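Colleague: I would like to learn how to read a model of this kind, feature by feature. Could we go through the backbone, the fold and the contact between chains in turn?

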2 protein chains.
Amino acid sequence: MTVEPPEPSGQVLVASNRGPVSYTRSGADGTLTARRGGGGLVSGLSALGADAGTWVCAALSDDDRAAAEAYGGRLPAEDTGGQSVLMLDIPRETFEAAYNGVANSVLWFVHHLLYQTPLEPVFDEGFEAAWARYRAYNRAFADALAEEAEQGAAVLVQDYHLALVPGLLAKRRPDLRIGHFSHTPWAPPDLFRVLPDEVARELLLGILGADRAAFLTGRWAGAFTDCCAALLGAEVGEGTVTHQGRTTRIGVHGLGADAEFLRERASRTDVDERLAELRERVGPGRATIVRVDRTELSKNIVRGLLAYRRLLTDRPEWHGRVVHVAFAYPSRQDLAIYREYTAEVSRVAEAINADFGRDGWTPVVLHVKDDFARSLAAYRMADVALVNPIRDGMNLVAKEVPVISENGAALVLSREAGAAEELGADALLVNPYDIAGTAEALHRALTLDQPTRAAHAKRLAEAATALPPTAWFLAQLDALRGW
Amino acid sequence: MTVEPPEPSGQVLVASNRGPVSYTRSGADGTLTARRGGGGLVSGLSALGADAGTWVCAALSDDDRAAAEAYGGRLPAEDTGGQSVLMLDIPRETFEAAYNGVANSVLWFVHHLLYQTPLEPVFDEGFEAAWARYRAYNRAFADALAEEAEQGAAVLVQDYHLALVPGLLAKRRPDLRIGHFSHTPWAPPDLFRVLPDEVARELLLGILGADRAAFLTGRWAGAFTDCCAALLGAEVGEGTVTHQGRTTRIGVHGLGADAEFLRERASRTDVDERLAELRERVGPGRATIVRVDRTELSKNIVRGLLAYRRLLTDRPEWHGRVVHVAFAYPSRQDLAIYREYTAEVSRVAEAINADFGRDGWTPVVLHVKDDFARSLAAYRMADVALVNPIRDGMNLVAKEVPVISENGAALVLSREAGAAEELGADALLVNPYDIAGTAEALHRALTLDQPTRAAHAKRLAEAATALPPTAWFLAQLDALRGW
């Protein structure tokens, strides 16, 4: 299918929790300094041209809120690189309850199957108050979008933070073309039913308010439509869900890696320096198994370490010949369970080093301080990349490593990652719960003959970059507009 | 359909982990004392007549093993009430690993969705050793059944402990009619895939070795066939699963309450005495909300208490007018998580009594010592029965209370219990995770007008006894034989 460029006159609005700019205040006068981020939405929206679109986002911090207030929400062009950005000054308590109390705790946990169900979740007064604020936060977005949108504009609403926005907006502005994109997995009905009935219903109806609801893989799209059928009694057709006389199209867009950006960034001096440091740390002639993750419960870092331990136990020939380079960057340390998980990662890594290490060989090199240049250096040096989440919307590490790996890294990949749908044919797929199976896959990855490894690596890099961020964004927009 | 009686000549074998008799040794000479149990299999098999069938079971304890050894496995008729019982003297380590290491930890947890997935399960060397023993334990049953069965006999294999038996037995004795019955829920594919691939495959193929695989509800049967399709690529037809040229029929038999037994037992003096004690403890004129459960993670006792607390918070008019009679009998106290859960139950109950109780009114009466007569007394006195498991194969408490309740107890029932499929129309169904929703259902149950409550209670008792244990057993047998 030939994708035609979007009509320059058509207004496009993007709505997401996190915007393309964040602020920090400093000094006695509270000078606001803007910092621009990257990602698929940034490059996609900028590809439309400076005047085509507006980005509606939330103020995430007190400093963001100060900026939103100072600028009446409309951020200055010099801060945004010319992009029109409307930053919503949502009250702190509302934002915190919506973001932490609902989205990142409950919805994230449900979609990633993370709950210890006998005790969690407990839907009590605390949750009810948070849910009321999640609604208010979604209403704030819907209000701003309704006001901002020209007749017939396209609105691309992002992720589980804003699941109610399509429904709220469609009621007020039936003239708009509304899309919703889910960046997470979706829970099967038996787990989605954990949510209070009215909450589950509102979330599904919220997304079904969109003209088109899209997902990272067919698997998550299928889980969503299963939930619509099981909980709402909606009619699921070929790529559609129909409920209460309204039909929502269902789409899939597998976000790919940004090869151009990665290659450029990974070739800079700071990455070269980190690479030299890492090589020295690992030692000459040793193979590396690399992982880079936030220390997120779903990323399965502990079982990754246990699988590496199992490799060293079952295959002593690897002693002194391999190093597991594990970067586990802190995440959500305000939550006790994340702190415990982070501590467990360190504990297991230290135990492996204590039990197997010897003079001149440290089996696990664990870094917990975020350093993007060092992550890219690790990607470059990887012989094997270990990406074993228990559940993951896509997992971009699995797509980024193949792009800049210098050794044609073999990919040990969880079948529960969305990326498995596109990369599975050239990866060593594992059941992320299975320690022995993962250890065996690591061994096979380390011993792949060079031609096979090179052939896999080439195809992995192709598949990983099949839909780079800008194309991913434009494909959503085109599909929404029916082009 | 008219169910004809089974041919008296047809041999029937029942295989289950727990048999109809258990032993205790006492005295210096180790005298063995037999104790007979009850249940659907006991009454069903005895209905066939003393000579028709043999029960093959495992020795569960050292005393059982001593008995199995002393009698060469064939228990004396005076111990079994005439029933032919073959008790397998499986080595203790094999039994413990199969029973605790696989069945009651891993399989139970998977089917009830109990795991905290970021950290559990970990399939390591310990599990592999346990799995080897689970296989050995299943082989011991298959061997005994293959030896014991006459040409063309019917074999009814029970539950998740013996999932491999049908497959093993069918290979050796293709002449047999083999049925398997699952007494638990079944996990959806996304959770069943947690198991190591080969383990998941063996379990499904094991059950598909049966000519007929039956479940307590259509929901669990559907989850099983979903797993067969998703993991094996099996072909799912109307009531069948076909894989590798072999077709297994899928059936549903919703085990009902044994009204005759319950009514007789509940009318005895010891129950009358317990009832008088409970009435005094509760106090005159107060409504009772009754729950009776093992302290099993899936039973959701903590959220039940939290819902009761919420009722007292939201509806102060109930202060002094209601008592929550909660029996939570110890279960699996060898496992840390069960001990913690049991402690949490006590903690929450005490907190409610501390926060709301006053002279002459104890809001929660919690008993943790198992006492069947007292349970029946509580059933008799219940105004409301609270049955709110997060997931349950059937839940017989929900069916037993309506049979002997004196006040036409209203039933607050989790929609995740198998019983909801049959009783849902006359129960107040709740989402077991939803504290506010459960509290509201308790309030509605307490305030149901008498005619409505009586009408519900009548229909609940009818539905609960629609398929009493003997009929349940014979229906399986008839369906297996194709009568």
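Colleague: To begin with the backbone, in which loop does Asp159(A) lie?

Modeller: Please keep in mind that this is a predicted model. Asp159(A) is found in the loop of chain A between β6 (154-158) and α6 (165-172), and it has a positive phi of about 75° although it is not a glycine. As a general idea, most residues other than glycine have a negative phi, and most peptide bonds are trans.

Colleague: Which peptide bond of chain A is cis, with omega near -5°?

Modeller: In chain A, the bond from Glu120(A) to Pro121(A) is cis, with omega near -5°, and Pro121(A) sits in the loop between α4 (92-111) and α5 (125-148). In chain B, the bond from Glu120(B) to Pro121(B) is cis as well, with omega near -10°, and Pro121(B) is found in the loop between α4 (92-111) and α5 of that chain.

Colleague: Turning to the fold as a whole, how many helices and strands does chain A have, and what radius of gyration would a compact globule with 483 residues have?

Modeller: Chain A comes to 19 helices and 17 strands, and its C-alpha atoms fill a box of roughly 65 × 50 × 50 Å along the principal axes. For 483 residues a compact globule would have a radius of gyration near 23 Å, and chain A, with 23 Å, agrees with this.

Colleague: How should I read a salt bridge inside a chain, and which residue forms one with Arg332(A)?

Modeller: The structure holds 66 salt bridges over all chains. In one of them Arg332(A) pairs with Glu296(A), the closest N and O atoms being 3.7 Å apart, which falls under the rule of within 4 Å. Arg332(A) lies in the loop between β13 (322-329) and α13 (336-356) of chain A, and Glu296(A) in the loop between β12 (287-294) and α12 (301-314), so the pair ties together parts that are 36 residues apart in sequence.

Colleague: What area is buried between chain B and chain A, and how many residues does each chain bring to the contact?

Modeller: The size of an interface is often given as the accessible area lost when the parts come together. Here the area buried between chain B and chain A is about 3,400 Å², of which carbon and sulfur atoms give 47%, and the contact takes 42 residues from chain B and 42 residues from chain A.

Colleague: Which polar features cross this interface, and how many salt bridges does the rule find there?

Modeller: The rule finds 12 salt bridges across the interface of chain B and chain A, among them the pair of Asp197(B) and Arg415(A), whose closest N and O atoms are 2.9 Å apart. There are also 34 residue pairs in polar contact, with both residues at pLDDT 80 or more. On the side of chain B that touches chain A, the elements that each supply at least two residues are α5 (125-148), α7 (189-192), α12 (301-314), α13 (336-356) and α17 (435-446). The largest share of that side, five residues, comes from α12(B), and its residues divide into 22 nonpolar, five polar and 15 charged.

Colleague: Finally, by what turn can chain B be laid on chain A?

Modeller: A turn of 180° with a shift of 0.0 Å along the axis lays chain B on chain A with an RMSD of 0.0 Å. The two copies are therefore related as by a two-fold rotation axis. Of the residues of chain B, Gln116(B) comes closest to the rotation axis, at 2.1 Å (C-alpha). Because 100% of the interface residues of chain B are also interface residues in chain A, the copies meet through the same surface.

Note on methods. Residues numbered from 1 in each chain as written. Chains lettered and ligands numbered in written order. Predicted model: local features only at pLDDT ≥ 70, side-chain atom pairs only at ≥ 80, totals over all residues. Heavy atoms only, no water. Contact = heavy atoms within 4.5 Å. Buried area = accessible area lost by both parts, 1.4 Å probe. Salt bridge = Lys/Arg side-chain N within 4 Å of Asp/Glu carboxyl O. Polar contact = N/O pair within 3.5 Å; in protein donor to acceptor, adjacent residues only side chain to side chain. Helix = DSSP H or I, 4+ residues; strand = E, 2+ residues; numbered from the N terminus. Nonpolar A, V, L, I, M, F, W, Y, C, P; charged D, E, K, R; others polar. Least-squares fit on C-alpha atoms with pLDDT ≥ 70 in both. Rg over C-alpha atoms; globule rule 2.2 N^0.38 Å.
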